[in-house]
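Please open the model below in your viewer and keep the selection panel at hand. We will go through it stop by stop, choosing what to select next and saying what is there.

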Number of protein chains: 2
Amino acid sequence: MAWTLDDSRPIYLQIEDLIKANIIAGVYQPGQKLPSVRDLAAEAAVNPNTMQKALSELERSGLVYTQRTSGRFITEDVSKMTELKEQIAREQIQLFLKNMEQLGLSREDIRRLLEKEWKEES
Amino acid sequence: MAWTLDDSRPIYLQIEDLIKANIIAGVYQPGQKLPSVRDLAAEAAVNPNTMQKALSELERSGLVYTQRTSGRFITEDVSKMTELKEQIAREQIQLFLKNMEQLGLSREDIRRLLEKEWKEES
DNA sequence: ATTATTGTATTACTTTATTAATACAATAGA
DNA sequence: TCTATTGTATTAATAAAGTAATACAATAAT
């Protein structure tokens, strides 16, 4: 795992995003045990508390869970992962539409701009 | 103008967004003079410096400009307004697409989800 | 020329967020 | 039972952000 951190945002947030992306991308498999807080912290060269914070935040998403003294695991509940993904997608969409509408753009405008963007980038 | 502020985000940002929205929505007309920093601050019941910060931030967008001792004005440059609007839209779209792709969603997925959202809300 | 009004700069206070040091608690494993 | 390993809680130190008090500077209006 490439722990490329900068100081543009809080470290714990960057870590949280990195791990989350890896889970969603399937780098970590369902049920897999994560390294311990201390090991992850050493690996990423951050204070253990910082890693702890990142992980406990991540936990709120339901992507990982804790077993008191055994460690942390990626959820085996694949449907929960799907659910979460859909929920995030819905939120993203609603936020996006709200922002675009505040700019005074119609649905047709939005469709047009999206297709234009896609045409340009590929 | 309804200065409904809460403490979920910095006051100066909320003010900036409110004014920006009003400009884009046409509540403030091109060339129109804004009330003075102190008057706006009184109206919104905030410290003048807070209003000053909101306005100077807003200025960076080019939507308003300052004449040293006369006050602040909405830009007459309508094309600048259009330009800005298009730029913001482009940024919003690119950010949105980046986020959706990180979730592993294809273009077709995105099209489908957007139409679904629209169908549901109207 | 004087004054009132404008935006701005400087400085300090306060609060919040972030990171770190350290101690605690639970239990798996030997 | 004992020990090493796990996550967690508490507290403190530091840094950053936000807000406010006050003084300054420029000029339009009189």
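The tour below starts with one protein chain, moves to the contact between the chains and ends at the DNA. Keep in mind throughout that this is a predicted model.

**Stop 1: chain A alone**

Select chain A and colour it by secondary structure. You should find five helices and two strands, and if you follow them from the N terminus on, the order is α-α-α-β-β-α-α. How spread out is chain A beside a compact globule? Its radius of gyration is 18 Å, whereas the globule rule gives 14 Å for 122 residues; the value is well over that, so chain A is more spread out than a compact globule. To set up a view, note that the C-alpha atoms of chain A fill a box of roughly 55 × 35 × 30 Å along the principal axes.

**Stop 2: where chain B meets chain A**

Now add chain B and select the residues of the two chains that touch. Chain B brings 27 residues to this contact, and chain A brings 27 residues as well. About 2600 Å² is buried between the two chains, and carbon and sulfur atoms give 67% of that area. On the chain B side, show Leu103(B), Arg107(B) and Trp118(B) as sticks: these lose the most area to chain A, together 27% of what that side buries.

Next, switch to the charged and polar pairs. How many salt bridges cross the interface of chain B and chain A? The rule finds four. One pair to zoom in on is Arg111(B) with Glu115(A), a salt bridge whose closest N and O atoms are 2.7 Å apart. Between chain B and chain A, ten residue pairs are in polar contact.

Which helices of chain B each supply at least two residues to the side that touches chain A? Select helix H1 (11–25), helix H4 (78–102) and helix H5 (107–121) of chain B. H4(B) gives the largest share, with 13 residues. Colouring this side of chain B by residue type gives 14 nonpolar, five polar and eight charged residues.

**Stop 3: DNA strand D**

Turn on DNA strand D and select the 20 residues around it; Arg72(A), Pro10(B), Asn47(B), Asn49(B) and Thr69(B) come nearest. Of the strand D atoms within 4 Å of the protein, 64% belong to sugar or phosphate, and the rest to bases.

Three distances are good to label here:

- Arg72(A): a polar side-chain atom lies 2.5 Å from a phosphate oxygen of strand D.
- Tyr12(B): a polar side-chain atom lies 3.0 Å from a phosphate oxygen of strand D.
- Arg68(A): a backbone N or O atom lies 2.9 Å from a sugar or linking oxygen of strand D.

Then highlight the elements that give two or more residues to this surface: helix H2 (37–44), helix H3 (48–59) and strand S2 (71–74) of chain A, together with H1 and helix H3 (48–60) of chain B. By type, the residues near strand D are four nonpolar, twelve polar and four charged.

**Stop 4: DNA strand C**

Finally, swap to DNA strand C. Of the 20 residues around this strand, Tyr12(A), Asn47(A), Asn49(A), Thr69(A) and Arg72(B) come nearest. Sugar and phosphate make up 64% of the strand C atoms that come within 4 Å of the protein.

Labels to add for strand C:

- Arg72(B): a side-chain N or O atom is 2.5 Å from a phosphate oxygen.
- Thr50(A): a side-chain N or O atom is 3.3 Å from a phosphate oxygen.
- Thr69(B): a backbone N or O atom lies 3.3 Å from a sugar or linking oxygen.

The elements to highlight, each giving two or more residues, are helix H1 (11–24) and H3 of chain A, with helix H2 (37–44), H3 and strand S2 (71–74) of chain B. The surface near strand C divides into four nonpolar, twelve polar and four charged residues.

How values were computed:
Residues numbered from 1 in each chain as written. Chains lettered and ligands numbered in written order. Predicted model: local features only at pLDDT ≥ 70, side-chain atom pairs only at ≥ 80, totals over all residues. Heavy atoms only, no water. Contact = heavy atoms within 4.5 Å. Buried area = accessible area lost by both parts, 1.4 Å probe. Salt bridge = Lys/Arg side-chain N within 4 Å of Asp/Glu carboxyl O. Polar contact = N/O pair within 3.5 Å; in protein donor to acceptor, adjacent residues only side chain to side chain. Helix = DSSP H or I, 4+ residues; strand = E, 2+ residues; numbered from the N terminus. Nonpolar A, V, L, I, M, F, W, Y, C, P; charged D, E, K, R; others polar. Near = heavy atom within 4 Å. Rg over C-alpha atoms; globule rule 2.2 N^0.38 Å.
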